[in-house]
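Biologist: Please take a close look at a single part of this model and explain how that part is set into the rest. A connected account would serve me better than a list.

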Amino acid sequence: RGMERIARRFCDVVVKVRDDFTIVDVTGAHTSFFGQRVEGLSLLDLLTGEERVRMRHLVRNIDEDQVPPCMTSSLKVNGRDMEVSVIAVDLKMLGTRYLIGMSLATAHERDLLNIESELEAGLVVPMRQ
């Protein structure tokens, strides 16, 4: 539980996945971050190319001391490839196996995601030229 609290505190979004990387326990924060409903999708399908292999390798190498491994990856967010920092925690639970914390890698990408979310919610109106 301690590592889960740390991930929730320092990551933009925390995703729970099963052994097969199926995303479970989705909230509105997940939909906002990914720009789509992700319940039941494979986290691997949201990664680009070889990033899928790297993610599998990342979770296979979580050590027994629960020191969460991390990597930078390219993720499909709102139809764009964005760089994210990723940490992984093995929950060792039936049903929900891994906790994957993600943060947008740059302030610029974080700003783009926030603007897109505000536009979709009707909180801001684009300027006409």
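Modeller: The account below starts with the overall layout, turns to one helix, and then moves outward from there.

The model is a predicted one, in which local features require pLDDT of at least 70 and side-chain atom pairs count only at pLDDT 80 or more, while totals for chains, interfaces and linings use all residues. Residues are numbered from 1 along each chain as its sequence is written, and side-chain values rest on heavy atoms, with hydrogens and water left out.

The protein chain contains four helices and five strands, where helices (H or I, at least four residues) and strands (E, at least two) are DSSP runs numbered from the N terminus. Along the sequence these elements appear in the pattern α-β-β-α-α-β-β-β-α. Of the 129 residues in the chain, 40% are buried; buried stands for under 20% relative accessible area, exposed for over 50% and partly exposed for the range in between (1.4 Å probe, protein chains only).

The part chosen is helix α3, which spans residues 51-60 and has Glu-51, Met-55, Leu-58 and Val-59 as buried residues. Viewed down the axis of α3, these buried residues fall within an arc of 90°, so they line one face of the helix; the arc is taken over the directions from the helix axis to the C-beta atoms. On the face turned away from that buried side, α3 carries the exposed residues Val-53 and Arg-60. The cover over the buried residues of α3 includes the strands β3 (70-77), β4 (80-90) and β5 (98-104).

Met-55 shows how the buried side of α3 is packed. Neighbours within four places in sequence aside, Met-55 is in contact (heavy atoms within 4.5 Å) with Phe-21, Leu-43, Leu-44, Leu-47, Met-71, Val-86 and Ile-100. Met-55 is also among the residues with the most contacts inside the largest nonpolar core, together with Phe-33, Leu-43, Leu-75, Ile-100 and Met-102. This core has 27 residues, a nonpolar core being a set of buried Ala, Val, Leu, Ile, Met, Phe, Trp, Tyr and Cys residues joined through side-chain atoms within 4.5 Å. At least two residues of this core come from each of β1, α2 (28-34), α3, β3, β4 and β5. A second, separate core consists of six residues, including Ala-7, Cys-11, Leu-91 and Leu-99. As a general matter, nonpolar side chains in soluble globular proteins tend to be buried together.

Glu-51 adds a charged residue to the buried side of α3, with a relative accessibility of 11%. The side chains of Glu-51 and Arg-54 meet in a salt bridge at 2.6 Å, N to O; the term requires a side-chain nitrogen of Lys or Arg within 4 Å of a carboxyl oxygen of Asp or Glu. The two residues are about one helical turn from each other, because they are three residues apart in α3. Arg-54, at 32% relative accessibility, counts as partly exposed.

Glu-51 also leads to strand β3, where Ser-74 is placed. Ser-74 is buried at a relative accessible area of 11%. Leaving out residues up to four places away in sequence, Ser-74 touches Leu-47, Thr-48, Glu-51, Asp-81, Met-82 and Glu-83.

The Glu-51 to Arg-54 pair belongs to a structure that holds three salt bridges. Asp-19 pairs with Arg-97, with the closest N and O atoms 3.0 Å apart. Asp-19 lies in the loop between β1 (13-17) and β2 (23-24) and Arg-97 in the loop between β4 and β5, so this pair ties together parts that are 78 residues apart in sequence. Arg-97 also forms a salt bridge with Asp-90, at 2.7 Å between the closest N and O atoms. Asp-19, Asp-90 and Arg-97 are thus joined in a network of salt bridges. Within this network, Asp-19 is exposed at 53% relative accessibility, Arg-97 is partly exposed at 25%, and Asp-90 is buried at 10%.
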